[in-house]
Amino acid sequence: MSALHCHDHYEAYYLLEGTRTYFIGNRQYSVQAGDVVLISKRVLHKTTVQDTGAHSRITLYFTDDYIPDCLQKQVTKLFSFCVFTPENKEEVKQRFFDLLDAQKTEENFKDAWMKCRMFELFVSLNKSVETKKVADDFMTRTATYLKQHLSEPVTLPAVAEHFSFSISHFSRKFKEEAGVGFQEYLTILRTQLGAKLLEETDLTVTEIAGKCGFEDSNYFSTVFRRIYKTSPRTYRQSILNPKAGKETSPNTSSPDSKSR
């Protein structure tokens with residue numbers, strides 16, 4: 001099992017064989033061979049193995065520089081699905097392999113060639129989701145409700161009652177769907193909101209802690225550091241003053257059987 005983490009780049013993942021379980025943002029997903037996993041930047045996620053067999057995948061990491069301006073809207077929609085099975089599975093798989101081949105291009109042409117291949121990948125992926133709608137299920141409704149009440153005292157009994165479940169039934173169903181317990185999930189949501197407020201506002205850490213439902217700003221900082229591996233202040237500084245440098249070419253991981 002990998003630890004819950006996030007990063008400042010996008011991740012696109014094609015599972016060639018085996019099975020995986022992903023927790024991305026607000027929910028858990030079961031990933032089968034042929035599925036695509038899309039993780040936006042600074043979204044918390046982790047992965048676990050569903051069985052003891054080996055798995056093989058291609059993983060692509062890239063920055064905003066490799067998202068064409070003309071496809072911004074489509075790519076935003078793509079990443080809202082997180083995990084899906086493309087209808088044009090063989091075409092999508094070939095696009096990932098094309099990106100592996102593009103990395104071998106002569107250095108003078110590599111960047112342009114990678115951008116062309118990225119464009120083709122986005123177009124192929126978009127064919128599979130252009131008619132899809134984001135799911136409206138138990139986990140989606142629950143996450144939406146919790147996000148609307150993060151600044152308030154939220155308890156398991158109250159939420160279970162809101163959705164007309166017994167406490168035991170709701171707790172069991174929630175753990176099955178989310179992959180984590182109710183309280184841990186609530187803490188993750190509150191911390192994610194804290195990260196968003198650090199990025200988008202000038203509020204102090206104490207003010208942000210209160211808006212996220214933390215009674216103690218020190219506890220908020222402790223939880224934030226545990227999840228994001230840095231302090232709230234350092235996180236904000238990294239957003240305001242990202243490392244200077246040139247565009248970074250997409251990094252692809254060749255097919256292998258390692259666990260991530």
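Buried, in these exercises, means under 20% relative accessible area, exposed means over 50%, and partly exposed lies in between, with a 1.4 Å probe and protein chains only. The model is predicted, and local features therefore need pLDDT of at least 70 while side-chain atom pairs count only at pLDDT 80 or more, whereas totals for chains, interfaces and linings use all residues. Residues are numbered from 1 along each chain as its sequence is written, and side-chain values use heavy atoms, with hydrogens and water left out.

**Exercise 1. Determine which residues of helix 4 are buried, and what they pack against.**

Step 1. Helices (H or I, at least four residues) and strands (E, at least two) are DSSP runs, numbered from the N terminus. In helix 4 the buried residues are Phe138, Met139, Thr142, Ala143, Tyr145 and Leu146. These residues lie on the same side of helix 4, because they cover an arc of only 160° around the axis, the arc being that of the directions from the helix axis to the C-beta atoms.

Step 2. An α-helix has 3.6 residues a turn, so residues three or four places apart point the same way.

Step 3. Contact means heavy atoms within 4.5 Å. The buried residues of helix 4 pack against strand 3 (27-32), helix 5, helix 6 and helix 7.

**Exercise 2. Repeat the analysis for helix 1 (residues 72-79), and describe both of its faces.**

Step 1. Val75, Leu78 and Phe79 are the buried residues to consider in helix 1. Their directions cover an arc of only 90° around the axis, which puts them on the same side of helix 1.

Step 2. Lys73 and Thr76 are exposed, and they sit on the face of helix 1 turned away from its buried side.

Step 3. The cover over the buried residues of helix 1 includes strand 1, strand 4, strand 6 (56-62), strand 7 (83-84) and helix 3.

**Exercise 3. Describe the largest nonpolar core and the surroundings of Tyr228.**

Step 1. A nonpolar core is a set of buried Ala, Val, Leu, Ile, Met, Phe, Trp, Tyr and Cys residues joined through side-chain atoms within 4.5 Å. The largest has 37 residues, and those with the most contacts inside it are Leu146, Val159, Phe170, Phe174, Phe182, Tyr185 and Tyr228.

Step 2. Two or more residues of this core come from each of helix 4 (138-147), helix 5 (156-162), helix 6 (167-178), helix 7 (182-200), helix 8 (205-211) and helix 9 (217-228). Helix 7 gives the largest share, eight residues.

Step 3. Another core, of 27 residues, lies apart from this one, and Phe84, Leu99, Leu100 and Ala102 are among its members.

Step 4. When neighbours within four places in sequence are left aside, Tyr228 is in contact with Cys6, Leu44, Thr191, Gln192, Ala195 and Tyr235. Of these partners, Gln192 lies in helix 7 and counts as buried because its relative accessibility is 17%. With the corresponding neighbours left aside, Gln192 is in contact with Gly25, Asn26, Leu44 and Tyr228.

**Exercise 4. Examine what surrounds the buried residue Arg190.**

Step 1. Arg190 is found in helix 7. A salt bridge is a side-chain nitrogen of Lys or Arg within 4 Å of a carboxyl oxygen of Asp or Glu. For charge, Lys and Arg count as positive and Asp and Glu as negative, while His and the chain ends are not counted. Arg190 has no salt bridge although it is buried, and the nearest side chain of opposite charge, Glu152, is 8.1 Å away.

Step 2. A polar atom of the Arg190 side chain lies 3.0 Å from the backbone oxygen of Cys212.

Step 3. Not counting residues up to four places away in sequence, Arg190 touches Leu150, Glu152, Pro153, Val154, Cys212, Gly213 and Phe214.

**Exercise 5. Locate the salt bridges of Asp8 and Asp111, and state the exposure of Arg42, Asp111 and Lys115.**

Step 1. The whole structure holds 13 salt bridges. One of them joins the side chains of Asp8 and Arg42 (3.5 Å, N to O). This pair links distant parts of the chain, 34 residues apart, with Asp8 in the segment before strand 1 (10-17) and Arg42 in the loop between strand 4 (36-39) and strand 5 (45-49). Arg42 is partly exposed, at a relative accessible area of 23%.

Step 2. Asp111 forms a salt bridge with Lys115, where the closest N and O atoms are 3.8 Å apart. Both residues lie in helix 3 (residues 107-129), four residues apart, about one turn of the helix. Asp111 is partly exposed, with a relative accessible area of 29%, and Lys115 is partly exposed, with a relative accessible area of 29%.

Step 3. Arg95, Asp98, Arg117 and Glu120 are joined into one network by salt bridges that share partners.

Technical notes: A polar contact is a pair of N or O atoms within 3.5 Å; within protein, one must be able to donate a hydrogen and the other to accept it, and residues adjacent in sequence count only if both atoms are side-chain atoms.
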